[in-house]
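Trainee: I should like to learn how the descriptive terms used for a protein model are justified. May we go through them one at a time?

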Amino acid sequence: MTTTRILIADDQEDIRNGFRLILDSQPDMTVVGEAADGATAVGFARTLRPDVVLADIRMPRLDGLEVTRQLAASTRVVVVTTFDLDEYVHTALRHGACGFLLKRSGPTLLIEAVRAAMAGDTLISPQITVRLLRHLTPPAAAASPAPDPLTTREREIARLVAQGLTNAEVAARLVVTAGTVKTHLANIQGKLDVRNRVGIAAWAWESGLAKPGAAQAP
């Protein structure tokens, strides 16, 4: 089994300790270093050569956005932060971040983000996905809409993803396992030819299946 080497960059020791416990508990992941500021993170990344760097945004010396800019060409960087300002999200993705997570997203999404980065994908917190879609302009209605390639269950999952639900929340809503939801999402991505949750959510909105920011049905 290939082990993913991870560097954690965050100025709060308790956050670093928590992330280390979560990631080191995975059989295919190991934390190879920690940094309490951005400059140290860049230095460690160049000497330790981790596969993935988890970078907070607000850190001393260099912030996480600058860390991302300096490292993204050679290292996968996932931004994990308390602050979900649109400016931060767009700047991080523009600098080449492989993911943008809120710290409150929980351990499951943190692990998924690392695996997504290793797979060449980009995972963004569901709450941010919904907000990003608000900036899109709905396309004009087509005279002959393209055929819908999804099954009824896949359409249901796509709609919930577009409303900002996590895999665990979708599973609870539909009374299925999280693994089942993950399998459906992989099938949906293949059918729609999109790379991640943002692509699924964008399709759901553009096709009229869902609307960004719509209230979640109980």
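Mentor: Let us begin with confidence: pLDDT is the predictor's confidence in each residue, from 0 to 100. This is a predicted model, and the mean pLDDT of the protein chain is 85. Of the residues in the chain, 87% reach 70 or more.

Trainee: Where does pLDDT stay under 50, and how many contacts beyond four places in sequence does the model have there?

Mentor: Residues 139-144 form that stretch, and the model gives them 1 contact beyond four places in sequence. Contact here means heavy atoms within 4.5 Å.

Trainee: Why are H7 and H9 called roughly perpendicular?

Mentor: Two packed helices are described by the angle between their axes and the distance between the axes. For helix H7 (residues 152-162) and helix H9 (residues 178-192), the angle is about 95 degrees and the axes are 10 Å apart. Angles of 65 to 115 degrees count as roughly perpendicular, and H7 and H9 are therefore given that description. On the H7 side, the contact is made by Arg153, Glu154, Ile157, Ala158 and Val161. H9 contributes His184, Leu185, Asn187, Ile188 and Lys191. By class, these residues of H7 and H9 are 5 nonpolar, 2 polar and 3 charged.

Trainee: What makes H7 oblique to H8?

Mentor: The axes of H7 and helix H8 (residues 167-174) come within 10 Å and cross at roughly 130 degrees. An angle over 145 would count as roughly antiparallel, and one of 65 to 115 as roughly perpendicular. The value for this pair falls in neither range, so H7 is oblique to H8. The crossing of H7 and H8 is right-handed. Arg153, Glu156, Ile157 and Leu160 of H7 meet Val170, Arg173 and Leu174 of H8. That contact of H7 with H8 comprises 4 nonpolar, no polar and 3 charged residues.

Trainee: How do you know that H1 and H5 are roughly perpendicular?

Mentor: Helix H1 (residues 13-24) and helix H5 (residues 107-118) have axes that cross at roughly 70 degrees and come within 10 Å. Since 65 to 115 degrees is the range for roughly perpendicular, H1 and H5 therefore qualify. H1 passes H5 in a right-handed crossing. Phe19, Ile22 and Leu23 of H1 touch Pro107, Leu110, Ile111 and Val114 of H5. In this contact of H1 with H5, 7 residues are nonpolar, with no polar and no charged residues.

Trainee: Why do E2 and E6 stand at the edges of the sheet?

Mentor: The open sheet has 6 strands in the order E2-E1-E3-E4-E5-E6, with parallel pairing. Strand E2 (29-35) and strand E6 (123-124) each have a single partner strand, so one side of each lacks a neighbour in the sheet.

Trainee: How do you know that E3 and E4 are paired?

Mentor: Pairing requires at least two bridges, and 4 bridges join strand E3 (residues 52-55) to strand E4 (residues 76-81), which run parallel. For alanine 55, the bridge partner in E4 is valine 79.

How values were computed
Residues are numbered from 1 along each chain as its sequence is written. This is a predicted model: local features need pLDDT of at least 70, side-chain atom pairs count only at pLDDT 80 or more; totals for chains, interfaces and linings use all residues. Side-chain values use heavy atoms; hydrogens and water are left out. Axes are lines fitted to C-alpha atoms, for helices over the stretch in contact, and angles run from 0 to 180 degrees between N-to-C directions. Helices (H or I, at least four residues) and strands (E, at least two) are DSSP runs, numbered from the N terminus. Angles under 35 degrees count as roughly parallel, over 145 as roughly antiparallel, 65 to 115 as roughly perpendicular and the rest as oblique. Ala, Val, Leu, Ile, Met, Phe, Trp, Tyr, Cys and Pro count as nonpolar, Asp, Glu, Lys and Arg as charged, and the others, Gly among them, as polar. A crossing is left-handed if the near helix is turned anticlockwise from the far one by less than a right angle, and right-handed if clockwise.
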